[in-house]
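Let's walk through this one together, a step at a time. Have the sequence and the 3D view open side by side as you read.

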Amino acid sequence: FANLGSYTFHEFEARVVDVAAAGNTAVATVEGHWKVGMKGRGIREKNFILSDTWVRRRGKWQVLYRHSTPGPRK
């Protein structure tokens, strides 16, 4: 997050595609799109798919692992 100040967010969309839960573990799949400006680098636009693995510990859900990959162009 050290570089967060270098970004200007123009668009951000995220849609939960699926959630699979088993006991104290869940996996959520999200499709998204973002458009960001980067100081000195112009504007970048990306589609992405990410999967989060969640665990419930002491009654609270926490992300244990995240995987992100480029998504299809729309």
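Find V36 and look straight across to the neighbouring strand: its bridge partner in β3 is R44. Keep in mind that you're looking at a predicted model. Another pairing to look for is T29, which sits opposite S51 in β3. The two strands in view here are β2, residues 25-38, and β3, residues 42-57, and they pair in the antiparallel sense over 14 bridges. What holds such neighbours together? Strands of a sheet pair through backbone hydrogen bonds, either parallel or antiparallel.

Now follow the chain around the turn. β2 and β3 make a hairpin with three residues between the strands, and G40 there takes a positive phi near 80°.

Carry on along β3 and you reach another hairpin, this time with β4, where two residues lie between the strands. R58, in that turn, has a positive phi of about 50°. β3 and β4 run antiparallel too, joined by ten bridges. For a landmark, pick W54, which stands opposite V63 in β4.

Time to step back and take in the whole sheet. It's an open sheet of four strands, in the order β1-β2-β3-β4, with antiparallel pairing. At its edges are β1 (7-22) and β4 (60-70), each of which pairs on one side only. The strands aren't lined up perfectly: neighbours in this sheet are turned by 25° against each other on average, direction ignored.

Next, the rings. How many aromatic pairs does the structure hold? There are three. One of them brings together F9 and W34, with ring centres 5.8 Å apart. Their planes meet at 45°, which falls between the 30 degrees below which a pair counts as stacked and the 60 above which it counts as edge-to-face, so this pair is tilted. F9 belongs to strand β1 and W34 to strand β2, so to speak a link between distant parts of the chain, 25 residues apart. Ring pairs also bring in Y7, making a cluster of Y7, F9 and W34.

Are these two rings' residues buried or exposed? Neither, quite: buried would need under 20% relative accessible area and exposed over 50%. F9 comes in at 43%, so it counts as partly exposed, and W34, at 29%, is partly exposed as well.

Finally, how confident is the predictor? The mean pLDDT of the protein is 91, and 93% of its residues reach 70 or more. Among the elements, β1 has the lowest mean, 93, and β4 the highest, 96. Where pLDDT is low, the predicted coordinates should not be read in detail.

How values were computed. Residues are numbered from 1 along each chain as its sequence is written. This is a predicted model: local features need pLDDT of at least 70, side-chain atom pairs count only at pLDDT 80 or more; totals for chains, interfaces and linings use all residues. Side-chain values use heavy atoms; hydrogens and water are left out. Two strands pair if DSSP finds at least two bridges between them. Axes are lines fitted to C-alpha atoms, for helices over the stretch in contact, and angles run from 0 to 180 degrees between N-to-C directions. Rings of Phe, Tyr and Trp (its six-membered ring) pair if their centres lie within 6.5 Å; planes under 30 degrees apart count as stacked, over 60 as edge-to-face and the rest as tilted. Buried means under 20% relative accessible area, exposed over 50%, partly exposed in between (1.4 Å probe, protein chains only). pLDDT is the predictor's confidence in each residue, from 0 to 100.
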